[in-house]
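Visitor: I would like a close look at a single part of this model, described in one connected account. Where would you begin, and what leads on from there?

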Amino acid sequence: MAARTAALNPRHTMPTTTTPNQPLGGNMMPRFAGPGTMMRLPGATSPEGLDAAFIGVPLDIGTSNRPGARFGPRQIRAESALLRPYNMATGAAPFDRLNVADLGDVPINTYSLDKSLAIVSAFYDTVLAAGCAPLTLGGDHTIALPILRAVARQHGPVALVHVDAHADVNDDMFGERIAHGTPFRRAVEEGLLACDKVWQIGLRGTGYAADDFDWPRAQGFTVVQAHEVWYQSLAPLMAQVRERIGPTHPVYISFDIDGIDPSFAGGTGTPEIGGLTVPQALEIVRGCRGLNVVGADLVEVSPPYDPSGNTALLGANLLYEMLCVLPGVPYR
């Protein structure tokens, strides 16, 4: 398998005289100006030579309630202008060593979910074949399925850290096998996941049946419902995650913004009360440090329901935190 290791891919190691791509600083260009890329990084048309890349998937035709996540990538990028290169809490300095760029948006077919899935999967095949770790700006959660298909082709069945209000393991929605509530059922059926290394954190809300969360448990998933961790630090939980998964098995992070309580992140399609807090969200992502993270996504930001921009700002910060826990990131 072509799993990334804690060391950078040798073909991507930057020469000592070359500086990896850097975000455009706020003292060089006002934060309300400049390029509309993630963190105002350079844009790129190819993943070659990149260790990681931000990629937008502006798809929301799989959503079941409030649409608008197609505008998520653009708004997350806009809010990301507030981010700076160094993580002052953890010491992570991703741009000191990793070469990162924004690969723009996948050109999905806005009239066909089936065709869009094939387009997304083919795009990510190219990214992963280049040894580039994709960090995805969604889009609704349907996009996790074609991305996982590409990731599994490159790395084999992956461990999964899935943050969400919903398990997204429906067998169908309105008779359709593909929608934003079905990706992880299909992923299990297609053998994309190492099911004994899957964690679903933040599940909550009302259900269609009393046993709605029993199916993922029966597959070997560890289900952590939101009410089980109210008022608690999630650092001990993430220590369990790291112990179970181990440092070498490829890991994918899939983060639905509705995993966070709507008091923090109301700009989403299917909000549920009683969710995780922002500090808990940071603990989850930062707790993935030391794992062999091969890709991640942040989905379901819906700007029409986010007039303040706070949900997109949270999404941008969480994507930056995901970048910070990639293998090879130095810590000062």
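**Aromatic rings and the central sheet**

Guide: Tyrosine 231 is exposed, with a relative accessibility of 84%, where the cut-off for that class is over 50%. The model is a predicted one, and every value here is computed from it. Next in sequence to tyrosine 231 is tryptophan 230, which is partly exposed at a relative accessible area of 42%.

Rings of this kind are a reasonable place to start. A pair of aromatic rings is described by the distance of the centres and the angle of the planes. The structure has 2 aromatic pairs by the rule applied here. One joins phenylalanine 123 and tyrosine 124: with 6.0 Å between the ring centres and 55° between the planes, the pair is tilted. That label follows because stacked needs planes under 30 degrees apart and edge-to-face needs over 60. Within this pair, phenylalanine 123 is partly exposed at 23% relative accessibility, and tyrosine 124 is buried at 0%. Tryptophan 230 and tyrosine 231 make up an edge-to-face pair, with centres 6.4 Å apart and planes at 65°.

Two other rings carry a charge above them. The charged end of arginine 66 is placed over the ring of tyrosine 305, 4.0 Å from the centre of that ring. For tyrosine 331, the charged end over the ring belongs to arginine 289, at 3.3 Å from the ring centre.

Now the sheet. Its 8 strands are arranged in the order 2-1-3-8-7-4-5-6, forming an open sheet with parallel pairing. Strand 2 (100-105) and strand 6 are the edges, each pairing on one side only. From one strand to the next the twist averages 15°. Helix 6 (residues 235-245) packs on this sheet and touches strand 4, strand 5, strand 6 and strand 7, its direction making about 170° with that of strand 5. Helix 3 (residues 144-155) lies across five strands, strand 3 (133-138), strand 4, strand 5, strand 7 (250-256) and strand 8 (292-299), and runs at about 170° to strand 7.

Strand 4 is largely enclosed by the rest of the structure, because 6 of its 6 residues are buried. Val158, Leu160 and His162 point one way from strand 4, while Ala159, Val161 and Val163 point the other way. On the side of strand 7, strand 4 is joined by 5 bridges in the parallel sense, and histidine 162 has serine 254 as its bridge partner there.

On the side of strand 5, strand 4 (residues 158-163) also pairs in parallel over 5 bridges, with valine 161 opposite tryptophan 199. Between these two strands the chain passes through helix 4 (residues 183-189), a β-α-β crossover that is right-handed.

Strand 5 (residues 193-203) is mostly covered, with 10 of its 11 residues buried. Toward strand 6 (residues 222-225), strand 5 runs parallel and is joined by 4 bridges. Tryptophan 199 appears again here, opposite threonine 222 of strand 6, and leucine 203 stands opposite glutamine 225 in that strand. The path ends at strand 6, an edge of the sheet.

Definitions and conventions: Residues are numbered from 1 along each chain as its sequence is written. This is a predicted model: local features need pLDDT of at least 70, side-chain atom pairs count only at pLDDT 80 or more; totals for chains, interfaces and linings use all residues. Side-chain values use heavy atoms; hydrogens and water are left out. Buried means under 20% relative accessible area, exposed over 50%, partly exposed in between (1.4 Å probe, protein chains only). Two strands pair if DSSP finds at least two bridges between them. A crossover is right-handed if, with the strands pointing away from the viewer, the path from the first strand over the helix to the second runs clockwise. Rings of Phe, Tyr and Trp (its six-membered ring) pair if their centres lie within 6.5 Å; planes under 30 degrees apart count as stacked, over 60 as edge-to-face and the rest as tilted. A charge sits over a ring if NZ of Lys or CZ of Arg is within 6 Å of the ring centre and within 35 degrees of the ring normal. Axes are lines fitted to C-alpha atoms, for helices over the stretch in contact, and angles run from 0 to 180 degrees between N-to-C directions. Contact means heavy atoms within 4.5 Å.
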